[in-house]
Amino acid sequence: MKLFSLLTVLGATVLPAVLVSAQKLPLSTSSRWILDADGQRVKLRCINWAGHQEANLPEGLNKQSIDYIADFIQQQGFNCVRLTYSIDHALNPDVLVSDSFTAAAGAANVSATDMNNMYSQVAEKNPFVSGATTRAVYEAVIAALWKRNVMTILDNHVSKASWCCNIDDGNGWWDEGFGYNAMNSRYFKTQEWLDGLQAIATWSVSQPGVIGMGLRNEVREWLLQGANGRADWYNFMAQGATRVHAANPDLLVIMGGTQSATDLTHIRVNRNIDWSAWQGKHVWEWHAYSFTVTFALAKGNCDLLKQTYGLFDGFLLEQGKDYTAPLILSEFGFGMTGGPNDGLSDDDNSYFQCLRDYVTGNDGEWALWAVQGSYYVRQGTVGADESWGLLDTDWKGLRNAKVPELLAPMFKVTQGP
């Protein structure tokens, strides 16, 4: 296949060998840097690939083969994928793919016929899924990526397989935490979450190319939750990290703050989390979108917005602090088409230009949302389009041919230990 790629945009003089050759694993951390097994810096330039919704399967396999999608990701220059999953999947890995699509119809309240037809399309594009489990599909995705020297971060996105995130989706905060309310926590069963993390970490030992695990996507307080100095965040994140590290000591342990992974100020104001149990593996994460409420007061003023990014999250890169560690912007993105600025709306363009300047100024790690051009089902719509997807709705090529050029500065390596 012929795909316009970031390799074409950047050229060999900009893209270092780190993007196109295999990393020497395992990875570790030192101060704000991620290092390979030889002690050389590894800069993560990732893309998100969702698998956490009702079908419990990486999206897009009804449109293309796993190899096609993995080729696309590699040809765009990404060196890692943030691959999302649910705790439902973590604790039930042996569900047949056919059965998962049948069950997804009930879970998503959509037509069983539609979902069974979706499964037939998946089996046509990827014949091995006939008789295969959902876990086997994850394994095939990870293997295809690593064959192309693309690493995988396994991200626990939700407990109950579904779209994320809303304040009433029941996946937001630990059910054993202070100030329980059903709207935000009814599905976030703390012990199941811990068991799920342990199960995925144990399985990951057998999966070459898996370099890290995100403990939980976008934790968020509601009402009284977090009002105890975010003690529950410290407690449960430490428990999750300890479980992951004990099961697979090679993994990076990635954790974000509260308010949907936008607020880590408690690390500076209260205290750092004790990461001695996973020393040399700790990585922070943060998210930023044009609509992010945490940064809303600074919107429209780039200088102020960059200061706000630093106040809530970026301060963690300051070297020599007890909390200094790598920080990955594990979600950012924008509508890919329809606007006057190389396809971006005025609002998204202003946001992205400022965020790009902030990330490149710090030479930070990042993961674009997202590769998927569509979903099996999203919020009750079968075959829903993803207007923020790098791939078009048929998963054939770029939704917007200008996006690689827009992203190009973020691929450069300008700093190091």
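Select strands β4 (residues 80-86) and β5: they run parallel and are joined by seven bridges. Strands here are DSSP runs of E with at least two residues, helices are runs of H or I with at least four, and both are numbered from the N terminus. Two strands count as paired if DSSP finds at least two bridges between them. The model is predicted, so local features need pLDDT of at least 70 and side-chain atom pairs pLDDT 80 or more, while totals for chains, interfaces and linings use all residues. Residues are numbered from 1 along each chain as its sequence is written, and side-chain values use heavy atoms, without hydrogens or water.

**Strand β5**

Stay on β5, residues 151-158. Eight of its eight residues are buried, where buried means under 20% relative accessible area, exposed means over 50%, and partly exposed lies in between (1.4 Å probe, protein chains only). Show arginine 82, whose bridge partner in β5 is isoleucine 153. Then add strand β6 (residues 210-214), which pairs with β5 in the parallel sense over four bridges. Leucine 154 has methionine 213 as its bridge partner in β6.

**Second largest cavity**

Keep Arg82 and Ile153 selected and add Gly214, Ile254, Glu285, Ile328, Ser330 and Ala367; these residues line the second largest cavity. Its space is about 40 Å³. A cavity is a set of points on a 1 Å grid over the protein atoms alone where a 1.4 Å probe fits but cannot get out; a pocket is an open set with protein on both sides within 12 Å along at least five of seven lines; lining residues have an atom within 4 Å of a point. Points are joined across faces, edges and corners, and a volume is the space filled by probe spheres set on them. The lining divides into four nonpolar, two polar and two charged residues. Ala, Val, Leu, Ile, Met, Phe, Trp, Tyr, Cys and Pro count as nonpolar, Asp, Glu, Lys and Arg as charged, and the others, Gly among them, as polar.

**Largest cavity**

The structure holds three cavities of 30 Å³ or more. The largest has about 60 Å³ of space, and its lining includes Trp286, Leu317, Tyr358 and Glu365. Two or more lining residues come from each of β9 (327-332) and α13 (346-362); α13 gives the most, with three. By class there are six nonpolar, three polar and one charged residues.

**Pockets**

Next, select Cys165, Glu218, Ser260, Tyr289 and Phe291. Of the 25 residues that line the largest pocket, these are the closest to its centre. The volume of this pocket is about 620 Å³, and its lining has nine nonpolar, 10 polar and six charged residues.

From Tyr289, go to threonine 292, in the loop between β8 (282-287) and α12 (302-312). The side chain of threonine 292 reaches the backbone nitrogen of tyrosine 289 at 2.7 Å. Threonine 292 counts as buried because its relative accessibility is 10%.

The second largest pocket has a volume of about 230 Å³. Of its 14 lining residues, Ser162, Trp163, Asn166, Asp169 and Arg186 are the closest to the centre.

**Leucine 194**

Finish in helix α8 (residues 190-204), at leucine 194. Its relative accessibility is 0%, so leucine 194 counts as buried. Leaving out residues up to four places away in sequence, leucine 194 touches Phe236, Gln239, Gly240 and Arg243, with contact meaning heavy atoms within 4.5 Å. Leucine 194 and glutamine 239 are 45 residues apart in sequence and 7.5 Å apart in space, C-alpha to C-alpha.

Terms used. Polar contact = N/O pair within 3.5 Å; in protein donor to acceptor, adjacent residues only side chain to side chain.
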